[in-house]
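Subject: Structure for your review

Dear colleague,

Please find the structure below, together with its sequence. My notes on charged side chains and on one annotated region follow it.

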Amino acid sequence: MALKNNTYRRNISSDGKLELSLQEFKKWLKRFDLDKDGKISKEELREAVRANGGGWFSRLKGSHGIKVADSNGDGFVDEKEFINLVEFAQRNLGVRII
């Protein structure tokens, strides 16, 4: 699992989900902001899903995640919308944000 590296706590809950603080989750997700514009695009979120074991469904999950989190409809998740990704991540990335 991509989230399980040395920079993140390794707290695994009884249901097998990796527990991260909101700050740890933000830090992890920002690794996928390849153009460093401070926003997460559909392609960048797709890569985050794929890197965390999303496999064949990474394209679909990435698109769905943007639709869920992108409240202003510009096709990106910015800092103001970031919290909207938490629920998506808990359902689709095998993490629990604590």
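Is Lys-26 buried or exposed? In this predicted model, Lys-26 is buried, because its relative accessible area is 17% and the cut-off for a buried residue is under 20%.

**Salt bridges between distant parts of the chain**

Three salt bridges were found when the whole structure was searched. One of them joins the side chains of Lys-26 and Glu-79, with an N to O distance of 3.1 Å. This pair connects distant parts of the chain: Lys-26 belongs to helix α1 (residues 22-30), whereas Glu-79 sits in the loop between β4 (76-77) and α4, and the two are 53 residues apart. Glu-79 has a relative accessibility of 43% and therefore counts as partly exposed.

Glu-79 also meets the side chain of Lys-30 in a salt bridge, at 3.5 Å from N to O. Lys-30 is in helix α1 and Glu-79 in the loop between β4 and α4, so this pair ties together parts of the chain that lie 49 residues apart in sequence. With 44% relative accessibility, Lys-30 counts as partly exposed. Lys-26, Lys-30 and Glu-79 are thus linked in a network of salt bridges. As general background, side chains of opposite charge can pair when their charged atoms come close.

**Helix α4**

The remaining pair to report is Glu-87 with Arg-91, which form a salt bridge whose closest N and O atoms are 2.8 Å apart. Both residues lie in helix α4, where they are four residues apart, or about one turn of the helix. Glu-87 counts as exposed because its relative accessibility is 52%, and Arg-91, at 45%, counts as partly exposed.

Helix α4 covers residues 84-92, and its buried residues include Leu-85, Val-86, Phe-88 and Ala-89. Just after α4, Gly-94 adopts a positive phi of about 70°.

**Annotated region**

The unreviewed UniProt entry lists residues 20-55 and 66-92 under "domain: EF-hand". In the model, residues 66-92 are 48% helix and 7% strand. The C-alpha atoms at the two ends of that stretch are 13 Å apart.

When you open the model, I would suggest starting with Glu-79, which forms salt bridges with Lys-26 and with Lys-30, and then turning to Glu-87 and Arg-91 in helix α4.

Yours sincerely

Key:
Residues numbered from 1 in each chain as written. Predicted model: local features only at pLDDT ≥ 70, side-chain atom pairs only at ≥ 80, totals over all residues. Heavy atoms only, no water. Buried < 20%, exposed > 50% of the residue type's maximum accessible area, 1.4 Å probe, protein only. UniProt positions renumbered as here; feature names shortened; annotations may be inferred. Salt bridge = Lys/Arg side-chain N within 4 Å of Asp/Glu carboxyl O.
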